[in-house]
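Got the viewer open? Here is a walk through the model, one selection at a time.

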Amino acid sequence: MDNKTVRDAIQIHGTNPQFLIEKILRARIYECKYWKEHCFGLTESSIIEKAYALNSIGGQYGIQKPTDFICLVLKLLQLQPREEIVIKYITGLDETDNNKYLRALGAFYLRLVGKPATIYECLEPLLNDGRKLRKLGSSGYSLIHMDEFIDELLREERVCDVVLPRLVKRYVLEDSGELDPRISTLEELEMDLEKEQKENEDEDDSDRGRSRVEVHEPTKVIKLNAKKLTISKATVTVKDVVHEATSIESEPSEVASFTFAQEIPKGSATLYIEYEGEHNDRMTGFYRSQYKDAGGNAKHMLVTQFEATSARQAFPCWDEPSAKATFSVVLVVPFELTALSNMEAKEMTAVDPSVKTVYFEKTPVMSTYLVAFAVGDFEYIETTTTKLDQPIVCRVYTLPGLVEQGRFALEITPKILEYFTEIFGIPYPLTKLDHIAVPDFDAGAMENWGLITYRTVALLYDENTSAASDKEQVAYTVAHELAHQWFGNLVTMEWWDHLWLNEGFATWVGTLAVDHLFPGWDTWSNFVISEYQQGLSLDSLRSSHPIEVPVADPHEIHQIFDAISYSKGASVIRMLSNWLTVDVFLAGIRRYLKEHEYKNATTDDLWRALSEESKIDVQEFMNTWTRVIGIPLLDVTESDGLVTVEQHRFLSTNDVKPEEDETLWWIPLGVFPKPASIADRNQTLKTRQLSFDAPTQNSDDFYLLNKDFTGVFRTNYPPSAIRRLGKAILDGNSGLGVSERAGLLADQASLATSGHSSVERLLDLIQYYKNEKTFVVWDLLISKLDNITQLFSVNSRIHDAILNFQRKLVDSLVRELGWDFPKDEDFLTSRLRGAIISCAGRSGHEETVKEAKRRFALFMQDGADQDQALHPSTRKTTFEIALSYGGTKEFEQILEFYRRTPKQDQQCMCLLALGYGVHGEEMIQRLFDFSLSEEVRSQDFMYVLSGLSLNIQARKAAWEWIKRNWTLLVDRYTGNMGMLGFCVKIPVNKMANMEVLKDLEEFFADKDTKEFERDLEQAKEGLRIRSKWVARDGSALESWLLEQGY
């Protein structure tokens, strides 16, 4: 199969799968034995099935005309079955759902060869049953689109037993805009960006871009992505002949179209573009971030945030993950400022005494969303790796005066780079690695290759003023972003529906790196109460989505940067690595990275590499975990010495329909002690149910499912099993480690919420934890008690009693731990003290409240030794208590501290405390006024909302304020990574009131919600679940508390 055949097929049939064809040819798939065996040895009739299977995949990838595509497939395979064979084949198929699609496929082919009479006969069943099948696809298989249903059906029914090649996703833009298929992925992009710093307005700067491209077919029109750019000139040079665009049009779909008077001939060409763009203040594209210098003067720095589709705001480009290129960046900047990009500066020239031009080395082949540059007055500290063949220079850049706060991040960077080089088997590909702290930053961090950008609080840590939790967060964030340098940058997802490959893996391996560096932090147990729980909680909703989720609209992309892609993704990777063993898993990762370095890949590519390494069909194990929405619940029953587990889909609404409960997950049971009757090392449940012998030595013998909580499921034990587990916890049985004690509690809390269990059974279990001394378990336990307190606060008697329950639960421990933090105390004890004091203070523990008020007064005194008065790990709690029990004076004192402190982590702490402790209509309004003032960065409004959501006295007022100011919020946050969704979800996430649900639905009924559709649906579903729980368990909870003397 030669290139000419491919081009002829495209030209004849007018279809647009150019990138598909290039991908197949680049992979040389027609030359490999596997493809020949499975495709060229087919009968003429069965090729119809194969072509259909290809089309079902092609439909997912933006190919709009199945007739053209099928014809192209048949032509490429050089297998053109005779019409009579096709007619005989399709008319002989029975009326099963699957065969209707095969009949339709045959009809499409016949249409191409001119048999119209047969078309309608074959298409009629498809048209009649289309709606029924779509409904089946969206419910029984938890799928949204027909092409997903078809693909799933093929796998389930084994219509196609060949692992087909994955195709390159084409970006089907909003309003049906399309990129030009006649121009290939650019080979190199040179950008000459002139940047002046204008302090008070959006800046329009003249820029130039030059792209070396390959023109595959003569064309008069070239299209590429551009957004908020004014393009003044575009030329294409081919063999020294310059063609200038006669028309330059910007389409609503973020596409720029250049029309030329004469056809651009095929061959290598240079595309030259002159344009103007702006430095906005919306934390997207190439934007400006404001700060104040030591003298209080307003200053700006410039920085980029291109993920997911904002590179097009800085320069015209093919702005898709698979459109990889090299980039040569040139920045023209004021002489006194520092200019940074992905690569080292190779040359600098002086334009005049006040301006310099900085030329950067050419990047490796990479995606547009990873390009980065920054300009400003920066300081830096640096170090170098010591254990790599090619030393890597590592730096942390900050604004003046902050650089020493980057010391911790700098110290761990070379260690993590060296660790990842060892386990990935591929050296870090660049010669430098820069971190830079950005005052205004929408996300937590961004993994730009060689120049990682961070929200200031995610990178900087001060041992004297930052809480212990901040240190852990910095370590994890740095490790996560460094993991992306391989998993995401070196090998990039083919399209955004594989986002989880980037984020899920980086979350897992980032945790692995932190555990490697700080084994005393018990990182994996903390993972069980954080990432693991977040993933399971979101996937217990109907409004969740599969890990692999189709993405066709730019507005959908940022909505899947959520706990499914990150947390559930990391959890299923952890489960898989445990199932294969970590060593085998990492060997498969090394194979995957090596096979796809500097290229794009899909989930199936990862499964294939792991299968080849492990000699196990990984895809068969993992498909339900990544392609099906939801998680399983294991119902456990005991009878006649046998324990039986049965799997069903788990929904927090506890109303699973039969068509939603058809999936059978492969579940590693992790039964402890391991039953002799289960021979499989991984104890994998592949059927609906399984039984094993119960422990029989004595009545107190317990059994546990999900040892170490590596399996991604909930477990619903019978009461007798819970009592035995509780007694083992109370007795300190070594068989139940931190992860098991925390995970058991989390499962029972989730089951109480859904109605599979009850709140009183949950509180019965909690009483077995009275001897608990570990931070991780207490952190989870406190969060579950606080959730009950928040949701059941509508009944004042219940609210007061549950607070009393909390006070008695922590009383002895808060006295034992006290308020002082010994200098050499271990990390987790410090974390525990902060958590216990917080619980005691929020529940109104008298001695804790008294001590908090005393220390707050000392802290706020003029000339006080603030670090001595209040340890950073108790500062937020103390501020919350002081304001909750205080008034205007305390409010003003916290505001004044916010204004004085130069550290963003301390400012964020103040905003959280203000939100939690504020009360009274006037004070609440003052807080909102302050939050929208220039004193609070727009990114930090989230901290105010988070605090208010936990404030029983103020959260209703917060929701009313959101409604009144919705237009302002839309203007402020449209286009950001998720702030509008946050503004919808967070104010109501601790409410349990059906009236609020009605209000929410009515308010958004006439509004454009495409930017936050998923968050809105999750907010609604959450309100339904919580309201049902309070209505169902309110009376029982009150009775239980009364019986227990609370």
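Where does Pro673 lie? Select it and look at the loop between strand 24 (667–668) and strand 25 (684–685). Helices (H or I, at least four residues) and strands (E, at least two) are DSSP runs, numbered from the N terminus. The peptide bond that joins Phe672 and Pro673 is cis, with omega about -10 degrees.

Before moving on, two notes on what you are looking at. This is a predicted model, where local features need pLDDT of at least 70 and side-chain atom pairs count only at pLDDT 80 or more, while totals for chains, interfaces and linings use all residues. Residues are numbered from 1 along each chain as its sequence is written, and side-chain values use heavy atoms, with hydrogens and water left out.

**Another cis bond, then a sheet**

Now go to Glu307 and Ala308, which are joined by a cis peptide bond with omega about 10 degrees. Ala308 sits in the loop between strand 9 (298–305) and strand 10 (326–334).

Strand 9 also takes you into an open sheet of four strands, in the order 8-9-14-11, with antiparallel pairing. Two strands pair if DSSP finds at least two bridges between them. Which strands stand at the edges? Strand 8 (285–292) and strand 11 (338–341) do; each has a single partner strand, so one side of each is left without a neighbour in the sheet. To see one pairing up close, select strand 11 and strand 14 (residues 373–376), which run antiparallel and are joined by four bridges. Here Leu340 stands opposite Ala374 in strand 14.

Just next door in your selection list is Tyr369, in the loop between strand 13 (355–360) and strand 14. Is Tyr369 buried or exposed? It counts as buried, at 1% relative accessibility. (Buried means under 20% relative accessible area, exposed over 50%, partly exposed in between, with a 1.4 Å probe and protein chains only.) Add Gly285 to the selection: Tyr369 and Gly285 are 84 residues apart in sequence, and 9.8 Å apart in space, C-alpha to C-alpha.

**Rings**

Time for some aromatics. Rings of Phe, Tyr and Trp (its six-membered ring) pair if their centres lie within 6.5 Å; planes under 30 degrees apart count as stacked, over 60 as edge-to-face and the rest as tilted. By this rule the count is 50 aromatic pairs. One to select is Tyr380 with Tyr397: the ring centres are 5.2 Å apart and the planes are at 45 degrees, so the pair is tilted. This pair links distant parts of the chain, with Tyr380 in strand 15 (residues 379–384) and Tyr397 in strand 16 (residues 393–398), 17 residues apart. Tyr380 is partly exposed at 41% relative accessibility, whereas Tyr397 is buried at 4%.

Then jump to Phe941 and Trp961, a tilted pair at 5.7 Å centre to centre, with 50 degrees between the planes. Phe941 is in helix 33 (residues 941–949) and Trp961 is in helix 34 (residues 955–964), 20 residues apart. Both Phe941 and Trp961 are buried.

For a bigger selection, try Tyr419, Phe420, Phe424, Tyr428, Trp486, Phe487, Phe505, Trp508, Phe585 and Tyr592, which ring pairs link into a cluster.

**An annotated residue**

What does UniProt list for Glu481? The unreviewed entry gives "active site"; UniProt positions use the numbering here, feature names are shortened, and annotations may be inferred rather than shown by experiment. Find Glu481 in helix 12 (residues 468–484). Glu481 is buried, with a relative accessible area of 5%.

**A hairpin and two odd phi angles**

Select strand 22 (residues 631–639) and strand 23 (residues 642–650), an antiparallel pair with nine bridges. Val636 has Val645 in strand 23 as its bridge partner. Two residues lie between the strands of this hairpin, and Asp640 takes a positive phi near 50 degrees. Strand 22 also pairs with strand 27 (residues 714–716), this time in the parallel sense over three bridges.

Asp708 lies in the loop between strand 26 (689–693) and strand 27. Its phi is near 65 degrees, a positive value in a residue other than glycine. Finish at Thr581, in the loop between helix 17 (564–580) and helix 18 (582–596), where phi is near 85 degrees. Thr581 is partly exposed, with a relative accessible area of 31%.
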